[in-house]
Amino acid sequence: MALIAYDNADAAAFEATRHLGDDALGAWREAITRHVDPRPGMRLLDLGCGTGSWSRAFRAWWSAIDVVAVEPSTAMRERAVVPGVLAGDAAAIPAGDASIDAVWLSTVVHHITDLPAAAREIRRVTKPGAPVLIRSAFPGRHDGITLCHFWPEAVTALNDNYPTVSTIEAAFAAAGFAAAGLEPVAQVSAPSLQEAAGELRREAHTLLQLISDDAYARGAERLRVAAQTATGPLIDVLDLLVLR
């Protein structure tokens, strides 16, 4: 799986700019615990874990659970901030049948080329009733995403390349899952727009890689100008889709 290559340049940019701060993580912790009971001994699968920032957060929050971190990209695994990241992807998860209590996919579902096959594989490894939590941007639900304000072409890229909520729900329904929730979660992505503009790396964002160089340059200039006068933290809103 991968809509983009996640080679060394992509992985380095992701590692440098895409790890969320405590404010953003706190909002997601609240959302996750509405659907996951982090009891001792449970196994949480972080599928497509990237450089492992979510796995690190899960282990810090809930030290008594077993976090299984899985990532297909060698470059990402080499930069992992947690030990023991396993090679694998949504089509071949390195876990036994009915061995997983919950699954987390963060900004990864758009990289899965065969959603029905992935849903069947996730069904194989999960226990009955285990929640699957998908953190993502979805077509038609982009109003709270900063990139889409400065790069309108990113909206087209989102609509053309990312699966809709209904597409995901249908694929998982065929594998025996039912929709259990969809909620927007507001996160502090950066202390300020100025800081976000200064640290921006195109390689770290799938949507920015899917637009033209000219479109990227125009959006970067719009961001630079807006950052000169913007005040307050940068807030983004992504969705949490839950299936069981």
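**Figure 1. Residue E78 in helix α4.** E78 belongs to helix α4 (residues 74-78); helices (H or I, at least four residues) and strands (E, at least two) are DSSP runs, numbered from the N terminus. The model is predicted, so local features need pLDDT of at least 70 and side-chain atom pairs count only at pLDDT 80 or more, while totals for chains, interfaces and linings use all residues. Residues are numbered from 1 along each chain as its sequence is written, and side-chain values use heavy atoms, with hydrogens and water left out. The relative accessible area of E78 is 60%, so this residue counts as exposed; exposed means over 50% relative accessible area, buried under 20%, and partly exposed in between (1.4 Å probe, protein chains only). A distance of 14 Å separates the C-alpha atoms of E78 and G88, which are 10 residues apart along the chain.

**Figure 2. The protein chain as a whole.** The protein chain contains 11 helices and seven strands. Its radius of gyration is 17 Å, which agrees with the value near 18 Å for a compact globule of 244 residues; the radius is taken over C-alpha atoms, and the globule rule is 2.2 Å times the number of residues to the power 0.38. The C-alpha trace spans about 50 × 35 × 30 Å along its principal axes. Of the 244 residues, 50% are buried. Among contacts between residues at least 6 apart in sequence, 81% join residues at least 24 apart, where contact means heavy atoms within 4.5 Å. The accessible surface comes to about 10,300 Å², and 51% of this surface belongs to carbon and sulfur atoms; the areas come from the Shrake-Rupley method with a 1.4 Å probe, and for residues only the protein chains shown count as cover.

**Figure 3. The largest nonpolar core and residue F172.** The largest nonpolar core has 29 residues, and those with the most contacts inside it are L45, L47, I134, I168 and F172. At least two residues of this core come from each of β1, β2, β4, α5, β5, α8 (165-174) and β7 (234-243). Helix α5 supplies the largest share of this core, five residues. Such a core is a set of buried Ala, Val, Leu, Ile, Met, Phe, Trp, Tyr and Cys residues joined through side-chain atoms within 4.5 Å. In soluble globular proteins, nonpolar side chains tend to be buried together. Not counting residues up to four places away in sequence, F172 touches A119, I122, V132, I134, F177 and L243. Another core, of 22 residues, lies apart from the largest one and includes F150, L158, A196 and Y216.

**Figure 4. Helix α3 and its packing partners.** The buried residues of helix α3 (residues 53-61) are S53, W54, S55, A57, F58 and W61. They pack against one helix, α2 (22-33), and against the strands β1 (43-47), β2 (66-71), β4 (102-106) and β5 (132-136).

**Figure 5. Residue G219 in helix α11.** G219 lies in helix α11 (residues 213-227) and is buried, at 0% relative accessibility. Outside the residues up to four places away in sequence, G219 touches F150 and W151. The C-alpha atoms of G219 and W151 are separated by 4.9 Å, although these residues are 68 apart along the chain.

**Figure 6. Residue T146 in helix α6.** T146 is found in helix α6 (residues 146-150) and is buried, with a relative accessible area of 12%. With residues up to four places away in sequence left out, T146 touches L193, L234, I235 and D236. T146 and V237 are 91 residues apart in sequence, and their C-alpha atoms are 8.5 Å apart in space.

**Figure 7. Residue L238 and two positive phi values.** L238, in strand β7, is buried at 12% relative accessibility. Beyond its neighbours within four places in sequence, L238 is in contact with residues including W28, T107, R135 and V185. T107 is found in the loop between β4 and α5 (115-125) and is buried, with a relative accessible area of 17%. Phi of T107 is near 45 degrees, a positive value in a residue other than glycine. A98, in the loop between β3 (86-87) and β4, also is not a glycine and has a positive phi of about 50 degrees. At 39% relative accessibility, A98 counts as partly exposed. Most residues other than glycine have a negative phi.
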